[in-house]
Amino acid sequence: MKTRPNYLAGIGSFAWLLVVAIPLYVMLSGTFQTREEFGDNGPLSFPTSFTLQNYADAITSGFGRYFLNTVVVTVGVVAIVLLLVPPLSYAIVRSQSRAASFVFRFFLLGLAIPAQAVIVPVFYLINAVGLYDNLLGIILPTAAFALPICTLILSGTMRDITGELYEAMAMDGASPARAFFRLVLPLSKGGISTIAVFSALQAWNGFLFPLILTQSESTRVVTLGLFNFQTQYGINIPGLLAAVTLSMVPVLLVYLFARRALVQGLMGAGGK
Amino acid sequence: MTTLATRRQAAPGGSTTSRPARSGASSVGRPGFAWALPATIFFALFALVPLAAVAVLSFTSWSGLGDPEFVGLENWETLVADPVMLKSLWLSLLFIVLGVVTQTPLSILLGVWAAGHQRNRAVLSAIYFIPLLLSSAAISVLWRALLDPNFGLPGQLPWLFGDGNLLGTQAGAIGVLIFVGMWQFTPFHTLIYQGAAKGIPPVLYQAASIDGAGMVRQFFSITLPQLRNTAITSIILMVVGGLTTFETVLILTNGGPGTDTTITAFYMYQEAFQSFDFGVGSAIALVLVVVATLISLVVVKVSGYDKMNSSLEGL
């Protein structure tokens with residue numbers, strides 16, 4: 001066994017730590033400084049007078065509303081994903097029909113379709129059904145684009161359920177639906193929480209669909225709020241940093257509580 | 001609830017076919033195709049049908065109001081003659097190459113390092129992870145603020161930033177975009193490599209140690225070859241990601257200075273949603289799809305990734 005510490009790698013990873021951490025430090029320390037203090041002392045300085053005014057400014061400039069909208073979008077996307085992906089993955093993993101394996105390839109293909117490539121027709125479609133500038137108009141395409149990766153993750157989990165368990169279910173003549181609700185769903189809890197967290201993250205951080213499919217203040221989401229805040233109050237850097245920090249808080253909370261689900265989901269995204 | 005009810009009815013029909021051959025047990029939990037139908041239709045409606053529609057729309061003229069009007073090859077002729085379009089393709093290619101070249105070695109090294117077992121690694125990995133939690137929009141706004149020539153880092157660190165207005169020159173703007181991409185995505189690729197490096201059988205290293213191979217030798221002879229398939233997945237993701245970088249460009253440089261960072265995905269947005277020329281926008285989108293597919297195919301061919309199909313099916 002090799003136990004010799006790898007000093008070179010250690011130094012390298014410490015250097016990268018600085019690259020990651022310094023901007024985050026500037027972001028946080030900036031939010032607690034007044035504009036004057038930040039301007040005079042520069043971004044690397046430590047705040048001398050802790051102020052929460054920047055957070056108050058960010059919230060009063062509309063972020064409360066944007067958060068609410070983003071929560072609605074996120075909940076909607078997660079609901080659709082949780083409704084559609086488990087039955088789909090079940091069919092992909094257990095169905096013997098050729099159609100099911102064709103569908104799996106179809107979703108694999110979907111992984112490679114960038115949202116930009118289809119944004120014009122989606123814009124046309126959302127307009128045509130009268131959902132332009134409506135949160136539902138963001139929810140539907142965002143959920144659709146979360147399906148391929150979630151299907152890949154969940155069908156991976158469902159494959160681990162062994163055939164013997166299905167045979168045990170067969171003793172009392174269970175239908176596929178019964179097997180799904182009594183066996184497959186309980187045993188794929190881990191994968192299901194992973195896809196919930198993963199699609200929530202995508203929905204929370206989504207930018208392109210909200211940018212193209214909404215326009216009014218009342219449907220603005222957090223990411224667009226940040227973009228807008230920058231163009232309007234570009235010089236108020238501590239205020240901007242406070243808004244960026246706020247946008248991160250819910251995701252950070254989810255990360256703290258669902259770290260395992262998130263990390264596994266991201267690892268799964270790279271394939272095995 | 002109604003969909004569940006119909007599925008209950010539809011499912012047994014699909015599952016009866018396999019019963020006579022085996023014990024009967026094998027037919028349990030064999031859902032019919034109907035179980036896959038809702039998700040498939042939903043996905044087709046928002047991803048696949050639009051993919052076909054974008055091809056049709058590329059032969060039309062449409063300003064967003066009224067109906068698209070068929071104009072034949074006009075949009076394509078416009079694009080072929082358009083210097084900005086050609087430039088945007090070169091810029092996209094440059095972005096992809098620089099992104100892959102900067103992120104791959106770093107994330108392999110960090111991932112292999114993080115796959116080890118020492119205590120402090122967990123803490124460091126958790127900090128590396130933070131950029132993944134921020135949206136592209138938040139990251140771009142953050143870096144725009146950090147790089148502000150008057151209030152940001154350049155004023156404090158002149159030895160690093162020169163005269164400070166990084167985003168005012170082409171080289172500076174491209175450098176910033178590449179760096180921000182690296183800052184944002186290296187953690188993700190590190191995570192992929194970390195998972196893969198953990199999966200390398202330790203017995204390979206033990207055998208190499210007995211043969212007297214040092215750590216560097218082990219890295220090049222065992223670790224790298226074992227990470228090959230992961231590297232290809234990771235690089236394809238970088239290519240597609242680089243090709244479709246959008247928020248970062250919009251927020252950090254808005255395509256400028258001039259058109260110096262107008263990559264193809266951003267140009268598509270400008271033509272369609274700022275100039276309201278959806279026909280030309282669709283044509284550019286189609287170019288984007290074709291280029292993404294071609295690059296992925298080349299990577300697959302060159303690397304022999306198709307042999308990985310079997311392990312993909314095993315997922």
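Helices (H or I, at least four residues) and strands (E, at least two) are DSSP runs, numbered from the N terminus. You're working on a predicted model, where local features need pLDDT of at least 70, side-chain atom pairs count only at pLDDT 80 or more, and totals for chains, interfaces and linings use all residues. Residues are numbered from 1 along each chain as its sequence is written, chains are lettered from A and ligands numbered from 1 in the order in which they are written, and side-chain values use heavy atoms, with hydrogens and water left out.

**Exercise 1. Describe the make-up of chain A and chain B.**

Step 1: start with the secondary structure. Chain A has 13 helices and 0 strands, and chain B has 16 helices and 2 strands.

Step 2: get the extent of chain A. Along the principal axes, its C-alpha atoms fill a box of roughly 75 × 65 × 30 Å.

Step 3: look at burial, where buried means under 20% relative accessible area, exposed over 50%, and partly exposed in between (1.4 Å probe, protein chains only). In chain A, 57% of the 272 residues are buried; in chain B, 53% of the 315 residues are.

Step 4: add the surface. Accessible areas come from the Shrake-Rupley method with a 1.4 Å probe, and for residues only the protein chains shown count as cover. Chain A comes to about 11700 Å², 65% of it on carbon and sulfur atoms, and chain B to about 14200 Å², with 66% on those atoms.

Step 5: check the contacts, meaning heavy atoms within 4.5 Å. Of the chain A contacts with a separation of 6 or more, 73% link residues 24 or more positions apart. For chain B, 66% of contacts between residues at least 6 apart join residues at least 24 apart.

**Exercise 2. Work out how chain A and chain B share their interface.**

Step 1: list the partners. Chain A puts 102 residues into the contact and chain B puts in 98 residues.

Step 2: turn to buried area, which is the accessible area (1.4 Å probe) that two parts lose on being put together, summed over both. Here the two chains bury about 9000 Å² between them, with 78% of that on carbon and sulfur atoms.

Step 3: pick out the top trio on chain A. W16(A), Q116(A) and V120(A) supply 8% of the area that chain A buries against chain B, more than any other three residues.

**Exercise 3. Find the cavity and trace its walls.**

Step 1: set the rules. On a 1 Å grid over the protein atoms alone, a cavity is a set of points where a 1.4 Å probe fits but cannot get out, and lining residues have an atom within 4 Å of a point. Grid points are joined across faces, edges and corners, and a volume is the space filled by probe spheres set on the points.

Step 2: count and size. There is 1 cavity of 30 Å³ or more, and the largest has a volume of about 40 Å³.

Step 3: name the lining. Both chains take part: among the residues are W204(A), V222(A), L226(A) and M248(A), along with L133(B), S135(B) and A138(B). The elements giving two or more residues are α9 (189–205), α11 (222–232) and α12 (237–257) of chain A.

Step 4: sort by class (nonpolar: Ala, Val, Leu, Ile, Met, Phe, Trp, Tyr, Cys and Pro; charged: Asp, Glu, Lys and Arg; polar: the others, Gly among them). That gives 8 nonpolar, 4 polar and no charged residues.

Step 5: follow α11(A) further. Of its 11 residues, 8 are buried, including V222(A), T223(A) and L226(A). Their cover includes α3 (53–94), α9, α10 (208–213) and α12 of chain A, plus α6 (136–146) and α13 (247–252) of chain B.

**Exercise 4. Place Q103(B) and look over the loop after α13(B).**

Step 1: locate Q103(B). This residue sits in helix α4 (residues 83–114) of chain B and is buried, at 7% relative accessible area.

Step 2: find its partners. Beyond four places in sequence, Q103(B) contacts G181(B), M182(B), F185(B), T186(B), H189(B) and M238(B). The C-alpha atoms of Q103(B) and M182(B) are 5.8 Å apart, although 79 residues separate them along the chain.

Step 3: move to the loop between α13 and α14 of chain B, where N254(B) lies. N254(B) has a positive phi of about 50 degrees although it is not a glycine, and is partly exposed at 43% relative accessibility.

Step 4: finish with P257(B), placed in the loop between α13 and α14 (264–274) of chain B. The peptide bond from G256(B) to P257(B) is cis, with omega near 0 degrees.

How values were computed: On a 1 Å grid over the protein atoms alone, a cavity is a set of points where a 1.4 Å probe fits but cannot get out, and a pocket is an open set with protein on both sides within 12 Å along at least five of seven lines; lining residues have an atom within 4 Å of a point.
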